[in-house]
Amino acid sequence: MKSVRDFQKNKQTGEPISMITAYDAPAAHLAEASGLDAILVGDSLGMVVLGYNSTLPVTMDDMVLHTKAVRRGAPNTFVVADLPHLSYHGSLDETLTNVRRLVQEAGADAIKLEGGASVIHQVKALTEAGVPVMGHLGLTPQSVAVMGGYRVQGKDLEGARKLIEDAKALEKAGAFSVVLECVPAELAQRIAEELSIAVIGIGAGAHTDGQVLVYHDVIGYGDVHVPKFVKTYTEAGQQIKSALEMFHQEVKSRQFPGPEHSFTMDEEVLVGLYG
Ligand code: KIV
Ligand code: NA
């Protein structure tokens, strides 16, 4: 995918959009080589890479550094970068300064922010300024302290209605796409049907316009809790661990390095050295 028009195109043709997170150049490179439609530099960075137990401590500097690395690794893929916690709730000037860093400095094609009615003003302003905005509704990890934990959203009538309203408001404000996280499949389907922009689901069932998952969850790498909605396709962590154990053992037993990993000197230089 090259632009927001491709999201629109897929919405219309019904071909699901595949999206994965990435936080560094090699992961981004593999995502691009695998043909994935889009990459999200998520602030899940804080949990899966930086070792925090929530996304709240992630800073603008963190997001800029990792977005730059992803952009270098995947120069030809549509890259969305998350605005981190509290980076878009101050003045519009402050928000624009932060967005400028992700787009101009780091090379993101679009930004993502969490929330519905409360961020409509920002979505409108950014879209008018020419920055494509992806919304994020349902389970919004930056509000974990307010929500009181990570759980399925929109299960009751009031919550479901609020989510539908928020999604419509984001579309109206100019968002080109919305992520729906951890909501009942029936509700996600309804929202995808009601919106004319692409709805990308994570833990939102099979009837959205696309799916996004966290890189480390997909490849089975890391010690963070993996939610029910994730499918893990390989056990990269196990493979890495056994490689590290072999290296460790071969160093201890002097099996590594072998002659094929070593450099040698010319005979006459050697004789000269020993006199
Ligand atoms: O930060 C992230 O990885 C995300 C996705 C889970 C949508 O926001
Ligand atoms: Na995120």
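## Tour: Glu181, ligand 1 and the strands

Start by selecting Glu181. This residue is buried, because 23 other C-beta atoms lie within 10 Å and 20 or more is the cut-off for that class. Keep in mind that the model is predicted.

Stay on Glu181 and read its labels. An unreviewed UniProt entry lists Glu181 under "active site". In the model, Glu181 belongs to strand S6, residues 177-181.

Next, show its contacts. Leaving out residues up to four places away in sequence, Glu181 touches His136, Gly138, Leu139, Ile202, Gly203 and Ala204.

Now select ligand 1. Which residues are around ligand 1? Glu181 is one of them, and so are His136 and Ile202. Add Thr21, Leu40, Gly42, Asp43, Ser44 and Asp82 to the selection. Then add Val179, Val212 and Val214 to complete the shell. Colour the shell by class: five residues are nonpolar, four are polar and three are charged.

Move on to the strands. Select S1, residues 17-21, and S8, residues 210-213. They run parallel and are joined by four bridges. Zoom in on Ile17, whose bridge partner in S8 is Gly210.

Add strand S7, residues 198-202. S7 also pairs with S8 in the parallel sense, over two bridges. Which residue in S8 is the bridge partner of Ile200? Gly210 is, and Gly210 also partners Ile17.

Finally, zoom out to the whole chain. Colour domain 1 (4-234) and domain 2 (239-274) separately, following the domain assignment. Place a marker at each centre, taken over C-alpha atoms: 46 Å separate the two.

Note on methods:
Residues are numbered from 1 along each chain as its sequence is written. Chains are lettered from A and ligands numbered from 1 in the order in which they are written. This is a predicted model: local features need pLDDT of at least 70, side-chain atom pairs count only at pLDDT 80 or more; totals for chains, interfaces and linings use all residues. A residue is near a molecule or strand if its C-beta atom, placed from the backbone, lies within 6 Å of it. Ala, Val, Leu, Ile, Met, Phe, Trp, Tyr, Cys and Pro count as nonpolar, Asp, Glu, Lys and Arg as charged, and the others, Gly among them, as polar. UniProt positions are given in the numbering used here, feature names are shortened, and annotations may be inferred rather than shown by experiment. A residue is buried if 20 or more other C-beta atoms lie within 10 Å of its own, exposed if 12 or fewer, and partly exposed in between; C-beta atoms are placed from the backbone. Two residues are in contact if their C-beta atoms, placed from the backbone, lie within 7 Å. Domain bounds come from an automatic or database domain assignment. Two strands pair if DSSP finds at least two bridges between them.
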